[in-house]
Amino acid sequence: MRIATFNINNVNKRLPNLLAWLSADKPDIVCLQELKAEDSAFPIAAVEAEGYGAVWRGQRTWNGVAILSRGATPVVTRRALPGDPSDDQARYIEAAVSGILIASIYLPNGNPQPGPKFAYKLAWFERLAAHAATLMAAEVPVILAGDYNVVPTEADIWAGHHEQDNALLQPQTRESYQRLLDAGWTDALRTLQPEGPLWTFWGYLRRRWPNDKGMRLDHFLLSPGLAPQLLQFGVSREARGEPGASDHAPVWIDLRQPMRRAARPALMAPPSRPGRRSMARR
């Protein structure tokens with residue numbers, strides 16, 4: 001089973017890039033971030049024509065997350081991260097797919113820091129940690145995938161950078177990510193490649209892409225029961241090199257097919273009408 005995460009950076013503007021990648025790589029499950037489209041503007045017809053069912057939570061101009069599944073429609077369990085009912089930013093969606101509970105995450109950027117945006121980032125991270133602990137306690141297979149907007153260590157950014165003031169590299173940001181690992185979540189990519197350059201994002205400015213000055217911002221965190229199923233991973237760099245590409249590359253992991261096991265009822269929330277469409281309607 002292949003699971004991918006891809007910050008598409010505007011799903012409609014980069015729809016040809018997305019469809020070309022889906023056709024070439026054929027991942028089984030895809031987490032998308034930064035849709036930059038409200039619910040009604042999500043290109044569900046084109047996604048379904050490629051053979052995928054989808055659930056999503058959109059937002060005009062910014063944010064937006066989705067989960068795609070090849071040949072089926074994910075079952076939504078949450079369309080928002082719990083812990084702050086007043087937070088209306090579309091940054092989290094969670095669904096059951098093929099025996100796995102999977103979340104697509106677009107964690108706040110936090111720049112400029114210090115300031116309210118950085119405070120929001122750290123508060124969101126705290127809420128994620130609390131919800132992750134609930135998922136861990138349920139003892140079901142869980143993947144927390146997406147753009148975390150954190151460079152976990154200096155090994156995850158090009159050497160000689162001058163990004164010391166960037167919110168993605170701050171000690172508080174890195175400590176928040178490390179707390180998830182200390183709680184028992186497995187960083188899939190660094191488990192398979194403990195050392196060496198491992199980039200998933202190259203900025204548009206200052207020739208970051210042609211000079212291979214990248215960062216690792218896109219992560220898969222696996223629950224303890226799922227981590228032993230990890231086989232291999234890849235970064236689809238060729239997609240980053242296409243005309244009109246996102247500044248992120250798709251990232252994927254391969255797992256042995258886990259045993260199907262339904263999530264406990266306490267984790268399940270009624271799906272909302274927007275952002276959910278059955279493959280049977282095709």
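**Salt bridges, hollows and backbone features of the predicted model**

A search of the whole structure, which is a predicted model, turns up 13 salt bridges. Side chains of opposite charge can pair when their charged atoms come close. A good place to begin is Arg 216, which forms a salt bridge with Asp 156, with 2.8 Å between the closest N and O atoms. This pair links distant parts of the chain: Arg 216 sits in the loop between helix H5 (188-192) and S10, Asp 156 sits in the loop between strand S8 (142-147) and helix H4 (171-182), and 60 residues separate the two. Both Arg 216 and Asp 156 are buried.

Arg 216 has a further partner in Asp 187, and their side chains meet in a salt bridge of 3.0 Å, N to O. Asp 187 belongs to strand S9 (residues 186-187) while Arg 216 is in the loop between H5 and S10, so this pair ties together parts that are 29 residues apart in sequence. Asp 187 is buried, as is Arg 216. The wider picture is a network of salt bridges that links Asp 156, Asp 187, Arg 190 and Arg 216.

Another salt bridge is found between the side chains of Arg 237 and Asp 212, at 3.0 Å from N to O. Here too the pair links distant parts of the chain, with Arg 237 in helix H6 (residues 237-240) and Asp 212 in the loop between H5 and S10, 25 residues apart. What of the surroundings of these two side chains? Arg 237 is partly exposed because its relative accessible area is 35%, and Asp 212 likewise counts as partly exposed because its relative accessibility is 32%; the partly exposed class runs between 20% and 50%.

Asp 218, in strand S10 (residues 218-222), offers a contrasting case. Asp 218 is buried yet has no salt bridge, and the nearest side chain of opposite charge, that of Arg 216, is 8.9 Å away. Which side chains does Asp 218 contact instead? One polar contact, of 2.6 Å, joins the side chains of Asp 218 and Thr 200. Another, of 2.9 Å, runs from the side chain of Asp 218 to the side chain of His 248.

Attention now turns to empty space in the model. Rolling a probe the size of a water molecule over the atoms shows where empty space is left. The largest pocket has a volume of about 800 Å³. Its lining is made up of 34 residues, and those nearest the centre of the pocket are Tyr 106, Asn 109, Asn 111, Asn 149 and Leu 168. Sorted by class, this lining comprises 12 nonpolar, 12 polar and 10 charged residues.

The structure also holds one cavity of 30 Å³ or more, and the volume of the largest cavity is about 50 Å³. The residues that line this cavity include Arg 57, Arg 79, Asp 87, Arg 91, Trp 124 and Arg 127. By class, the cavity lining has five charged residues, four nonpolar and one polar.

The backbone has some features worth a look as well. Most residues other than glycine have a negative phi, and most peptide bonds are trans. The peptide bond from Asn 111 to Pro 112, however, is cis, with omega near -5°; Asn 111 is also among the residues nearest the centre of the largest pocket. Pro 112 lies in the loop between strand S7 (100-106) and helix H3 (116-138). Gln 113 and Pro 114 are likewise joined by a cis peptide bond, with omega about -5°, and Pro 114 is placed in the loop between S7 and H3.

Positive phi values occur at Asn 10 and Glu 34, neither of them a glycine. For Asn 10 phi is about 100°, and the residue is in the loop between S1 and H1. For Glu 34 phi is near 55°, in the loop between strand S2 (29-33) and helix H2 (44-49). Glu 34 is buried because its relative accessible area is 12%, and the limit for buried is under 20%.

The loop between strand S1 (2-7) and helix H1 (15-25) also contains Arg 14, which counts as buried because its relative accessibility is 7%. Arg 14 and Ala 245 are 231 residues apart in sequence, while their C-alpha atoms are 6.9 Å apart in space.

Conventions. Residues numbered from 1 in each chain as written. Predicted model: local features only at pLDDT ≥ 70, side-chain atom pairs only at ≥ 80, totals over all residues. Heavy atoms only, no water. 1 Å grid on protein atoms, 1.4 Å probe; cavity = no way out; pocket = protein on both sides within 12 Å on 5 of 7 lines; lining within 4 Å. Points joined across faces, edges and corners; volume = space filled by probe spheres on them. Nonpolar A, V, L, I, M, F, W, Y, C, P; charged D, E, K, R; others polar. Helix = DSSP H or I, 4+ residues; strand = E, 2+ residues; numbered from the N terminus. Buried < 20%, exposed > 50% of the residue type's maximum accessible area, 1.4 Å probe, protein only. Lys, Arg positive; Asp, Glu negative; His and termini not counted. Salt bridge = Lys/Arg side-chain N within 4 Å of Asp/Glu carboxyl O. Polar contact = N/O pair within 3.5 Å; in protein donor to acceptor, adjacent residues only side chain to side chain.
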